[in-house]
Amino acid sequence: MISFENVTKQYIKHKALNDVTFNLENGKVIGLVGENGSGKSTTLKLIAGLLRTTKGKVLVDGQSNVDRKISYSVAYMSELDHVYPFFTVGEAIDFFASQYNDFNQEKAEEILSFMKLQKEQKVKTLSKGNKGRLKMTITLARNVPYILLDEPFSGLDPMVRSAIVKGLIRFVDLETQSLIITTHEIKEIEPVLDEVLVIRDGKVLGHQLVDDIRCDGKDVVGWMEQLYEEVQIHD
Ligand SMILES: Nc1ncnc2c1ncn2[C@@H]1O[C@H](COP(=O)(O)OP(=O)(O)OP(=O)(O)O)[C@@H](O)[C@H]1O
């Protein structure tokens, strides 16, 4: 389980997260959504142990996010390009396999083929969308309990987005893994989501099981619109 206990994260003067508390249970696909600058990437970076909290605690299976052992539990796909551009796709896969004991090369090959990437292609010649596919491949190929994807679908052609969203779920074993995704593509991702966490101005605006949203006769976008309307009335 991932727990945020009264977490504040302040960058110089700005509070990206402000006294946030929530728990994310294991074995789920969780969408972390909200407007630009609301604090989604900061939340993922805290879980990945890349940032320290200003106040409060982030715990992953009871262990502090800044404990070095966190890297054995969490695979994090950043928004940034972090793959050496002069590698071929195949060399990039070999490199990450050499860096992580939990990297499953066979699974990486399967995901590459699903993503329609050729091993001979040079990383620097890949389009933005294909670089994203490669980063997703590298992250999903790790056998770790928590997979974090930061904006994995940006740059992907809208025509293939839904197919990729549904396909990538095949590569996550929800018996042993959880998938947490930040995204603005809510409609495309909704079919695979178990739970949604909405962040607004560094606060949790809503946290709900998708099944419960559907029981109320709404979809995720409709539910979010209602949340935003309610908060605007109170602002
Ligand atoms: N390294 C940093 N230094 C200063 N401010 C930062 C830094 N990183 C993020 N911020 C600020 O913190 C706030 C939250 O940023 P964050 O990247 O977490 O938002 P986000 O919800 O992921 O946004 P987006 O959807 O645009 O990616 C923003 O106001 C952002 O400008």
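Here is a chat between a trainee and a mentor about this predicted model.

Trainee: Before we start, what pLDDT do local features need here?
Mentor: Residues are numbered from 1 along each chain as its sequence is written. This is a predicted model in which totals for chains, interfaces and linings use all residues, side-chain atom pairs count only at pLDDT 80 or more, and local features need pLDDT of at least 70.

Trainee: Okay, how does the radius of gyration of the chain fit a compact globule?
Mentor: The radius is taken over C-alpha atoms, and the globule rule is 2.2 Å times the number of residues to the power 0.38. For 235 residues the rule gives a value near 18 Å, and the chain has 18 Å, so the two agree.

Trainee: And how many helices and strands are there?
Mentor: Both are DSSP runs numbered from the N terminus, with helices (H or I) of at least four residues and strands (E) of at least two. On that basis the chain comes to eight helices and ten strands.

Trainee: Which strands stand at the edges of the open four-stranded sheet?
Mentor: Strands pair here if DSSP finds at least two bridges between them. The sheet runs β2-β1-β4-β5 with antiparallel pairing. One side of each edge strand is left without a neighbour in the sheet, because each has a single partner strand; those edges are β2 and β5.

Trainee: Inside that sheet, which residue stands opposite Thr8?
Mentor: β1 (residues 2-11) and β4 (residues 55-60) pair in the antiparallel sense over five bridges. Across from Thr8, in β4, you'll find Lys55.

Trainee: Which residue takes a positive phi in the hairpin of β4 and β5?
Mentor: β4 and β5 (residues 63-64) pair antiparallel over two bridges, with Val60 opposite Gln63. The hairpin has two residues between the strands, and the one with a positive phi near 50 degrees is Asp61.

Trainee: Now the ligand: which element gives the largest share of the shell?
Mentor: A residue joins the shell if its C-beta atom, placed from the backbone, lies within 6 Å of the molecule. Among the surrounding residues are Tyr11, His14, Asn36, Gly39, Lys40 and Thr42. Two elements, β2 (14-24) and α1 (40-47), give two or more residues. The largest share, three residues, comes from α1.

Trainee: How many of the shell residues are polar?
Mentor: Ala, Val, Leu, Ile, Met, Phe, Trp, Tyr, Cys and Pro count as nonpolar, Asp, Glu, Lys and Arg as charged, and the others, Gly among them, as polar. The shell has three nonpolar residues and one charged, and its polar ones number eight.

Trainee: Is Gly39 buried or exposed?
Mentor: Gly39 lies in the loop between β3 (29-33) and α1. Buried takes 20 or more other C-beta atoms within 10 Å of a residue's own, exposed 12 or fewer, and partly exposed is in between, with C-beta atoms placed from the backbone. Gly39 has 25 such neighbours, so Gly39 counts as buried.

Trainee: How many residues of α1 are buried?
Mentor: The buried ones include Lys40, Thr42 and Leu44. Out of eight residues in this mostly covered helix, the buried count is six.

Trainee: Last one: how many residues are in the largest nonpolar core?
Mentor: Such a core is a set of buried Ala, Val, Leu, Ile, Met, Phe, Trp, Tyr and Cys residues joined through C-beta atoms within 7 Å. Ile47, Val74, Leu148 and Ile180 touch the most other members, and the core's residues number 61.
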